[in-house]
Amino acid sequence: MSVLEANTMSKENDKKQKEKISLTRAFTSDLKGRQSVRATFRLTQGCIEAIGILANQMGIKQKSLFDHLAEDMGSLKSIAREFKQMKIKKQGRIQKTFVISRKSLSSLDEISNMFNASRDMLVEHSIQRLLPIISKERSKHEARKEFLAKIKKHFKQGETILNDIKKQLGDDDPIIKKFAMIISSYEIIRDNMEAFIDRSRDIENFDAKNLNP
């Protein structure tokens, strides 16, 4: 191997090593950003309720909701510009600690310091921008309740048919097991839907006006 080839190979190895180190640092940084930390905010009761409702309806953890809000830096900056130096009244607000990612907290702190804007205000107005989602989910919630009523009625009809089959054809008839499996699966779906609706009851009494004290 010539000296030139050796030098070229050495440079390529150094380059690969640097790339590995860079990727490792980026990966480590990303993992640290995803670490959970506790952050305390002073928010209105309506805002706290909205956070719980949104997370429940979207099927995500509240931590993931904060991540979603914090990742939209453009929206946070827009809110901060509009409401910078705005003083938030402590009256009517509740101190609440949430588990959020280190990265989300860092983003909120960065925008807060950059625009001299309250961190609590950033969270509240970010949540307000998601109110159309709650409105849409409330409509879907009411529709689910109507469908659940129909499903329950249909399920009872299925049970009646199954009992009629047993009476006329006997418990050993080959169609019994297959139809019973259908009814059993139907029952599971009905119960899961009913449980989801029960978990979503808070959305029925949610009042967007409570977001502002």
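This is a short talk that walks through one protein model, from its overall layout to a few single residues.

Hi everyone, and thanks for coming. Before we start, please keep in mind that what you see above is a predicted model.

Let's begin with the overall layout. The protein has 213 residues, and 31% of them are buried. If you follow the chain, you will meet eight helices and two strands. Starting at the N terminus, the order reads α-β-α-α-α-β-α-α-α-α. On the outside, the accessible surface is about 14,400 Å², and carbon and sulfur atoms hold 51% of that.

How much of the contact list comes from residues 24 or more positions apart? Taking the contacts with a separation of 6 or more, such pairs account for 85%. One pair to look for on your screen is D207 and G46: they sit 161 residues apart along the chain, yet their C-alpha atoms are separated by 7.3 Å. D207 belongs to the segment after α8, which covers 174-199. Is D207 buried, partly exposed or exposed? D207 counts as partly exposed because its relative accessible area is 32%, and the partly exposed class runs between 20% and 50%.

Now let's go inside. The largest nonpolar core contains 33 residues, and the ones with the most contacts inside it are F41, L43, I51, I100, L122, V123 and I127. Several elements give two or more residues to this core: β1 (36-44), α2 (45-58), α3, α4 (73-83), β2 (93-101), α5 (102-115) and α6. Which of them gives the largest share? That is α2, with six residues. Apart from this core there is another one, of five residues, including F155, L162, I165 and I176.

Let's pick F41 and look around it. Once we set aside neighbours within four places in sequence, F41 is in contact with F66, I94, Q95, K96, F98, I100, L108, R119, D120 and V123. Try clicking through those in the viewer.

F66 takes us to helix α3, where the buried residues are L65, F66, D67, L69 and A70. What do these buried residues pack against? Their partners are β1, α2, α4, β2, α5 and α6.

Helix α3 also helps to line a cavity, so to speak of it next is natural. The structure holds one cavity of 30 Å³ or more, and its volume is about 30 Å³. Around it you will find F66, L69, A70, L108, V123 and S126. Two elements, α3 (62-71) and α6 (119-128), each give two or more residues to this lining, and α3 gives the largest share, with three. By type, the lining has five nonpolar residues, one polar and no charged.

Next stop, helix α6. L122 is found in this helix. Why do we call L122 buried? Because its relative accessible area is 0%, and buried means under 20%. Beyond four places in sequence, L122 is in contact with L76, I79, A80, L108, I111 and S112. Its C-alpha atom is 9.9 Å from that of D109, 13 residues away along the chain.

H125 is in helix α6 too. Here is a handy rule for looking at helices: an α-helix has 3.6 residues a turn, so residues three or four places apart point the same way. H125 is also buried, with a relative accessible area of 14%. Not counting residues up to four places away, H125 touches I79 and F83. The C-alpha atoms of H125 and L76 are 8.9 Å apart, with their positions 49 residues apart in the chain numbering.

We can now turn around and look from the other side. F83 lies in helix α4, and beyond four places in sequence it touches M121 and H125. F83 and F115 are 32 residues apart along the chain, and their C-alpha atoms are separated by 9.2 Å.

One last spot before we finish. Where is N116? It lies in the loop between α5 and α6. Its phi is near 55 degrees, a positive value in a residue other than glycine.

That's my tour, and I'm happy to go back to any part of it.

Conventions: Residues numbered from 1 in each chain as written. Predicted model: local features only at pLDDT ≥ 70, side-chain atom pairs only at ≥ 80, totals over all residues. Heavy atoms only, no water. 1 Å grid on protein atoms, 1.4 Å probe; cavity = no way out; pocket = protein on both sides within 12 Å on 5 of 7 lines; lining within 4 Å. Points joined across faces, edges and corners; volume = space filled by probe spheres on them. Helix = DSSP H or I, 4+ residues; strand = E, 2+ residues; numbered from the N terminus. Nonpolar A, V, L, I, M, F, W, Y, C, P; charged D, E, K, R; others polar. Core = buried A, V, L, I, M, F, W, Y, C linked by side-chain atoms within 4.5 Å. Buried < 20%, exposed > 50% of the residue type's maximum accessible area, 1.4 Å probe, protein only. Contact = heavy atoms within 4.5 Å. Areas by Shrake-Rupley, 256 points an atom, 1.4 Å probe, with all protein chains shown as cover.
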